[in-house]
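Hello,

Here is the structure I promised to pass on. Please have it open while you read the notes underneath.

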Amino acid sequence: FPKSLLLLLLCSSQNQNRHYNHCWILSFCSLSSSIRGHRTFLLIMDRGWIHEPKFSKRYVEGVQSFMQLLRSHFDRNSKVRCPCQDCLNVFFQTQEIVYDHLLIKGIMGSYMQWIYHGEQSQMRYDNEDEIQTMLEEVSGRSFANFSDETKTDNNVCGNMSEKEAKTFDKLLEEAERELYPGCKKFSKLSFLVKLLHLKVYNQWSNKSFDMLLELLKGAFPTGETLPKSYYDAKNMLQGLGLGYILIHACKNDCMLYWAEHKDRQECPHCATSRWKIYNGKDKKIPHKVLRYFPLTPRLQRLFMSSKTSVDMRWHKEKHLDEANVLRHPADSEAWKEFDKNHPWFAQEPRNIRLGLATDGFNPFGNMSTLYSMWPVILAPYNLPPWKCLKDPFMIMSLLIPGPQAPGKDIDVYLRPLIYKLKELWNDGVDTFDASTGKCFKMHASILWTINDFPAYRNLSGWSTKGYMACPTCNKDASSQKVRNKKFYMGHHRHLEPSHSWRRSKKFDGKKENRSKPKELSGDDVLHQLDLLSTYRVGKH
């Protein structure tokens, strides 16, 4: 089968009859058994077999083509990530087991780009136009033209301060600066973005990245165009707003040295010094440091891309509302009740509805070190269901330090986030929408939290231990102690009044005549909180 003929056929698929020519190529190749190599190539390019039934001829051939690609990039004895529907590219298996898993369990339906098995990722920013487009959308303005409606000198919709505008203008200069004299393919900024992308994708250490920069500086005719280290490279991209704020915290979780307490040197609650190490001069090391990732610019960033700004209206413009169907949080009763109670918020589809998730984890993995760090993550539910809970759209808002879990004192660490959420709810913020080219007033709201039962205790303030551990039954919980253990009884009080089990004594030896516990509203819960006596925060 001549290569020239294959190329001719592939080129012919670029005309108006693209679909029919492509199908004709596949059919033509499948007729001949002498062109198995070309047929494998086409199966690798065509991923439709992934959704075919297991053990079908096309599926088996697709798995074989996948394994052929894998073996061309990995040694036969090396273990690789298994993309089956159980392992999900998390667990490493031998290549023989991977082959068996794919045939028996099936391949992940979403694994269309085989980046873990030798296929190169689709690199972003392939040319200067894309870098320029990215910067335009991030800034909310065009290099060449400004709309009279959105232009305010260097400030667009109030999004940028004068300092931020100057930092961003410096980025624009780097985007137009040649990497070295005569280089037309890369600017200084585009080359640095590619290097940082490779660092993250291949998990390079900071030290290895510094060594690479040092080598490149010696190899390029004008090496001074490159930063000296990874630290300098990050500082160059500060104009994109990818930063966080360090806030010192009391050793006993009593307070944050923030806002009105930012200049204090000791805690007013427990009188503990702010500093773990302080030599009286310039060396100051605090006991704990909270990392706060400013929320407003991250929410505004969702509208600075013309693609994601359209998706942020999906729940209103493209969502199909069907009775008794739950495919998106917009179908839930909580969402609809919220719209009913706050019509001014629901009227603007670009107002953001968030879910808050938090839990503790040990950053040191399986090591014997005991440490509990608590990230607080926000998820924007305006997006369609295939995007709203994906990694690129998760927003890290807080990183609460250990070594102990914050417990009920998590309120202390949530203070910067709550302050900003109140501001976004009451006042909103002017935001530029790249899809319309206009500004609007963006508001945001937390609809619910996502957590396990112990973390629910920390976030809500309702103890999930003891005689009243059930937050739904609240103070009307049915519990009793038997042999030093607490049991929760009376579940059949939730049944209908006429249910036969209510008259049965098989459960706890008595009939159940009580009605089910009252469901508390948000106002009822706030009233309970108002009745609490003042308690001292912290673990002193």
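Below is what I found in it, starting with how far to trust the model.

This is a predicted model, in which local features need pLDDT of at least 70 and side-chain atom pairs count only at pLDDT 80 or more, while totals for chains, interfaces and linings use all residues. Residues are numbered from 1 along each chain as its sequence is written, and side-chain values use heavy atoms, with hydrogens and water left out.

**Confidence.** The protein chain has a mean pLDDT of 79 (the predictor's confidence in each residue, from 0 to 100), and 80% of its residues reach 70 or more. For residues 1-44 pLDDT stays under 50, and the model has 34 contacts there beyond four places in sequence (contact means heavy atoms within 4.5 Å). Residues 141-156 are also below 50, with 28 contacts beyond near neighbours in sequence. Where pLDDT is low, please don't read the predicted coordinates in detail.

**The core.** The largest nonpolar core has 47 residues. Such a core is a set of buried Ala, Val, Leu, Ile, Met, Phe, Trp, Tyr and Cys residues joined through side-chain atoms within 4.5 Å; buried means under 20% relative accessible area, exposed over 50%, and partly exposed in between (1.4 Å probe, protein chains only). Helix α16 (residues 410-426) gives the largest share of this core, 7 residues; helices here are DSSP runs of H or I, at least four residues long, numbered from the N terminus. L295, L299, I352, L417 and M442 have the most contacts inside the core. Apart from neighbours within four places in sequence, L299 touches I352, L354, I395, L424, M442 and A444.

**Aromatic rings.** There are 17 aromatic pairs in the structure, counted when ring centres of Phe, Tyr or Trp (its six-membered ring) lie within 6.5 Å; planes under 30 degrees apart are stacked, over 60 edge-to-face, and the rest tilted. F338 and F345 are edge-to-face, because their centres are 5.3 Å apart and their planes at 85°. Both of these residues are buried. W344 and W425 also pair edge-to-face, with centres 5.0 Å apart and planes at 65°. Since W344 lies in helix α15 (residues 343-346) and W425 in helix α16, this pair ties together parts that are 81 residues apart in sequence. W344 is partly exposed at 38% relative accessible area, and W425 is partly exposed at 23%. Elsewhere, W49, Y59, F66 and W114 are linked into a cluster by ring pairs.

Happy reading!

Methods
Helix = DSSP H or I, 4+ residues; strand = E, 2+ residues; numbered from the N terminus.
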